[in-house]
Amino acid sequence: MRLSVPEAGKRVATITPPVKVEMSSTSVAADPYHSRTSDQWEIVPRIDPVVSDASGPLTTDEVWNYGHDGFLFVPNLFSQDEIDGLLAEATLLADNCPSRNSGIVREPDSDEVRSVFRLHQVSELYRKLFADERLLARARQLIGTDVYIHQSRVNYKPAMSGQEFSWHSDFETWHVEDGMPRMRALSVSVFLTESHEFNGPLMLIPGSHEMYIRCAGVTPEKHFEQSLRRQEYGVPTKEALNQLLEGREIVAPKGAAGSTVFFDCNAMHGSNGNLSPTPRVNLFAVYNSIENKLADPFCDRPPRPDYLAERTVIPIECERPSMA
Ligand code: 6CS
Ligand code: FE
């Protein structure tokens with residue numbers, strides 16, 4: 001909406017106020033996880049189960065811990081030989097920026113590559129990795145159904161300059177911007193380099209997955225073009241985070257390349273910048289239940305591109321490891 005229209009030949013400043021786009025009050029009321037629908041934030045309990053009772057490679061204790069903390073650290077799941085190949089592939093992808101069916105995101109303050117998305121479509125090696133029993137069987141066991149890849153990416157976090165990821169719940173974005181209906185998804189992060197205190201390891205708040213923070217604000221148009229570099233909408237306020245941290249703490253699983261973290265889609269997480277002299281490279285795959293297919297976004301914006309959120313459900317079949 002233009003507030004003033006310049007007359008011919010006259011230079012007049014125009015003011016274009018942001019247009020407030022709101023979902024109808026009926027759809028807000030019907031959506032247990034609505035967010036960015038008001039100028040107030042709110043913390044509400046999760047209503048979906050975190051784990052299933054399906055069988056699989058995880059012990060009862062491991063499943064219990066994942067249910068309790070919202071994540072599980074599995075050190076040294078992949079061998080150094082496997083990691084050498086996976087890291088070489090990551091370097092190749094960053095150097096030959098794939099343009100078709102994938103996305104490349106740059107660091108907020110430079111042209112260095114921050115992330116490459118849709119690995120399961122652009123790399124046969126990564127497609128096989130995500131179908132590897134060590135990841136897939138654990139994901140299926142925790143989620144309790146067949147799964148498909150909602151999103152996959154590599155985060156490079158370049159040496160000395162790789163920037164932080166603010167605290168966020170992935171589910172908040174996937175729900176609002178992609179239309180993921182319920183909390184039936186998890187991420188696995190595979191360390192392609194060692195994660196240590198100097199290179200911005202993944203940090204999590206154990207127990208935070210049980211609470212959902214409805215964020216304030218309205219999703220801007222093409223929000224993803226900004227949010228993947230530095231996220232400003234769909235992130236909790238300091239007050240909300242402080243409330244979440246009452247009786248909870250921050251942890252950072254650290255370990256050798258080949259270690260993995262499985263974490264719930266609603267676990268509050270983030271990471272600091274990398275001030276160390278070597279890159280911190282992490283692969284991510286997001287497994288979503290085939291029963292949790294994406295709907296229309298829960299905001300009045302078009303869905304994000306497919307390289308950020310797969311809209312076709314293709315259940316993954318287990319493939320025996322053939323990576324070394
Ligand atoms: O946009 C996404 O899908 C993911 N990336 C960021 C920076 N935040 C939300 C989610 O984890
Ligand atoms: Fe995230």
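In which loop is K157 placed? K157 sits in the loop that runs between β5 (147-155) and β6. The structure is a predicted model, and the report below starts from this residue before moving to the metal site, the ligand and the rest of the chain.

## K157 and its surroundings

K157 has a relative accessible area of 2% and is therefore buried, the cut-off being under 20%. Its contacts, leaving aside neighbours within four places in sequence, are R114, G162, Q163, F165, N199, G200, S271, N272, G273, N274, P279 and R280. With one of these residues, S271, the side chain of K157 makes a polar contact of 2.6 Å. E107 lies 50 residues from K157 along the chain, and the C-alpha atoms of the two are separated by 8.5 Å.

## The iron site

Ligand 2 is an iron ion, and its protein donors are H168 (NE2), D170 (OD) and H269 (NE2), at 2.1 to 2.2 Å. Along the chain these donors follow the spacing H-x1-D-x98-H. The two histidines link distant parts of the chain: H168 belongs to strand β6 (residues 165-168) and H269 to strand β11 (residues 269-271), 101 residues apart. H168 and H269 are both buried.

Why is the arrangement of the four donor atoms around the iron ion irregular? The angles they subtend run from 52 to 146°, whereas a tetrahedral assignment would require all angles to lie between 85 and 135 degrees. For four tetrahedral donors the ideal angle is 109.5 degrees.

## Ligand 1

The residues surrounding ligand 1 are Q151, H168, D170, T173, W174, S227, L228, Q231 and R304. H168 and D170 in this list are also donors of the iron ion. Polar side-chain atoms of three of the surrounding residues are paired with atoms of ligand 1 as follows.

| Residue | Atom of ligand 1 | Distance |
|---|---|---|
| Q151 | oxygen | 2.9 Å |
| W174 | oxygen | 2.8 Å |
| Q231 | nitrogen | 2.8 Å |

## Helix α7

D170, T173 and W174, which are among the residues around ligand 1, belong to the buried residues of helix α7. The helix spans residues 170-178 and is mostly covered, with nine of its nine residues buried. Besides those three, the buried set includes F171, E172, H175, V176, E177 and D178. At the N-terminal end, S169 caps the helix through a side-chain oxygen that lies 3.3 Å from the backbone nitrogen of F171. After α7 comes G179, with a positive phi near 85°.

## Nonpolar cores

The largest nonpolar core holds 40 residues, and those with the most contacts inside it are Y126, F130, L135, Y156, L192 and Y287. Apart from this core lies another, of 13 residues, which includes V44, W174, M183 and A309. W174 thus appears both in that second core and around ligand 1.

Which residues does L192 contact beyond its neighbours within four places in sequence? They are I83, L86, L87, A90, Y126, A257, V281, N282 and L283.

## Loop residues

H196 is placed in the loop between β7 (185-191) and β8 (202-204). Its relative accessibility is 16%, so H196 counts as buried. Not counting residues up to four places away in sequence, H196 touches P201, K254 and S276.

R36 and N76 are non-glycine residues with positive phi values, about 55° for R36 and near 50° for N76. R36 is found in the loop between α1 (25-30) and β1 (42-45), and N76 in the loop between β2 (71-74) and α3 (80-95). Is each of them buried or exposed? R36 is buried, with a relative accessible area of 5%, while N76 counts as exposed at 51%.

## The chain as a whole

The protein has nine helices and 12 strands. Of its 324 residues, 52% are buried. Among contacts between residues at least 6 apart in sequence, 86% join residues at least 24 apart. The pair of iron donors H168 and H269 is separated by 101 residues.

Key: Residues numbered from 1 in each chain as written. Chains lettered and ligands numbered in written order. Predicted model: local features only at pLDDT ≥ 70, side-chain atom pairs only at ≥ 80, totals over all residues. Heavy atoms only, no water. Helix = DSSP H or I, 4+ residues; strand = E, 2+ residues; numbered from the N terminus. Buried < 20%, exposed > 50% of the residue type's maximum accessible area, 1.4 Å probe, protein only. Contact = heavy atoms within 4.5 Å. Core = buried A, V, L, I, M, F, W, Y, C linked by side-chain atoms within 4.5 Å. Donors = N, O, S within 2.8 Å, 3.2 Å for Na, K, Ca; no water. Tetrahedral: all angles 85-135°; square planar, octahedral: opposite > 155°, others 65-115°. Polar contact = N/O pair within 3.5 Å; in protein donor to acceptor, adjacent residues only side chain to side chain. Near = heavy atom within 4 Å.
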